Amino acid sequence: MIYGNERVCVQGITGKSGRLHTKKMLDYGTNIVCGVSKNNKIKDLYNIPVLTNMKNAVEKYNADTSVVFVPAPFAKDAIFEAINAGIKKIIIITEHIPQQDMLDVYHIAKDNNVRVIGPNCPGVILPGISKIGIMPEKAFKPGEIAVISRSGTLMYEISNYLSLYSKGIKIGIGLGGDPIIGTSVEEAFDYLIENNIKEAVIIGEVGGNDEVTGIKNALKKGYKGNIKVFFAGRTAPKGKRMGHAGAIVEGYEGSIEYKEKQLLEMGINVVKNIPDLL
């Protein structure tokens, strides 16, 4: 994930979202070394050099991490450009990227040992240190709890609640709400194991089985921390998409009832109300 020492390049820095969130990330202390844009008329933004390609970002500014604001039709090419240039962490904020494009990105990233987070995600934050993404930093007070979420807005709401009434946030990881995402719950837990983070809140939703598989494999790998799970979408009608492209109930195994049953059998605390996460 992130450690606070990343050298970040913003892809799509001159677009509306890219400009806005570059400024917010800089103000938070994120080490943004450059941006890339196909708008070759802009050479500088917030005293950050604006380049036309990722090769120069890596060779001239030693960028090792990219955050992507490039519009969906062009996102795949931008991500491939970053991978080919040698970038090893890519956080994709862009939504509505075609599934086939993301499937191609997923395989190329795995083949090149590149960590991809997203798409359609809020990014990752180390409260008080660095954020690479679009989350409202005021919702994240530095603390002890890792929050792993498919939903961006729920991550903000729950992190704010935990910041106000509990132990605060060690790291917030927004995995993304699309059907094909770069990082799984299990891979997020690998970071927790590596960094000895003993408190984890998982925010799941209807559809898929990543929460169950991820927690099961984390326990097999020796994770000994305290895990609490909250599911959004308990009243979602079967077969209907609920906001996220990835949030769709596909039979019993994609239902919250099934996931809850599996997790309870593993001894995991599944709560139905946000205050019960305390």
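**Entry 1: the cavity**

I began with the lining of the largest cavity, which is made up of Y106, A109, K110, V114, V116 and G182. The model I consulted is a predicted one. I then asked how many cavities of 30 Å³ or more the structure holds. I recorded one. For the largest cavity I noted a volume of about 40 Å³.

I next looked up which element gives the most to this lining. Helix 4 does, with three residues. I also sorted the lining by class and entered four nonpolar residues, one polar and one charged. The charged residue is K110 and the polar one is G182, because Lys counts as charged and Gly as polar.

**Entry 2: backbone at N113 and N196**

I turned to the backbone torsions. As background, I noted that most residues other than glycine have a negative phi. At N113 I read a phi near 55°, a positive value in a residue that is not glycine. I placed N113 in the loop between helix 4, residues 99-111, and strand 7. Is N113 buried or exposed? I entered N113 as exposed, because its relative accessible area of 65% is over 50%.

At N196 I found a positive phi of about 55°, again in a residue that is not a glycine. I located N196 in the loop between helix 6 (185-194) and strand 12 (199-205). I entered N196 as exposed too, since its relative accessible area is 52% and the class begins over 50%.

**Entry 3: the peptide bond before P119**

I kept in mind that most peptide bonds are trans. I looked up the bond from G118 to P119 and recorded it as cis, with omega near 10°. Where does P119 lie? I found P119 in the loop between strand 7, residues 115-117, and strand 8, residues 123-126.

**Entry 4: E144**

I closed with E144, which I placed in strand 10, residues 142-149. I classed E144 as partly exposed, because its relative accessible area of 46% falls between 20% and 50%.

Which residues does E144 contact, leaving aside its neighbours within four places in sequence? I listed K167, G168, I169, K170, I197 and E199. Of these partners, I noted that E199 belongs to strand 12, which spans 199-205.

I also looked up the separation of E144 from K272. Their C-alpha atoms are 22 Å apart, and the two residues are 128 residues apart along the chain.

Conventions: Residues are numbered from 1 along each chain as its sequence is written. This is a predicted model: local features need pLDDT of at least 70, side-chain atom pairs count only at pLDDT 80 or more; totals for chains, interfaces and linings use all residues. Side-chain values use heavy atoms; hydrogens and water are left out. Helices (H or I, at least four residues) and strands (E, at least two) are DSSP runs, numbered from the N terminus. Buried means under 20% relative accessible area, exposed over 50%, partly exposed in between (1.4 Å probe, protein chains only). Contact means heavy atoms within 4.5 Å. On a 1 Å grid over the protein atoms alone, a cavity is a set of points where a 1.4 Å probe fits but cannot get out, and a pocket is an open set with protein on both sides within 12 Å along at least five of seven lines; lining residues have an atom within 4 Å of a point. Grid points are joined across faces, edges and corners, and a volume is the space filled by probe spheres set on the points.
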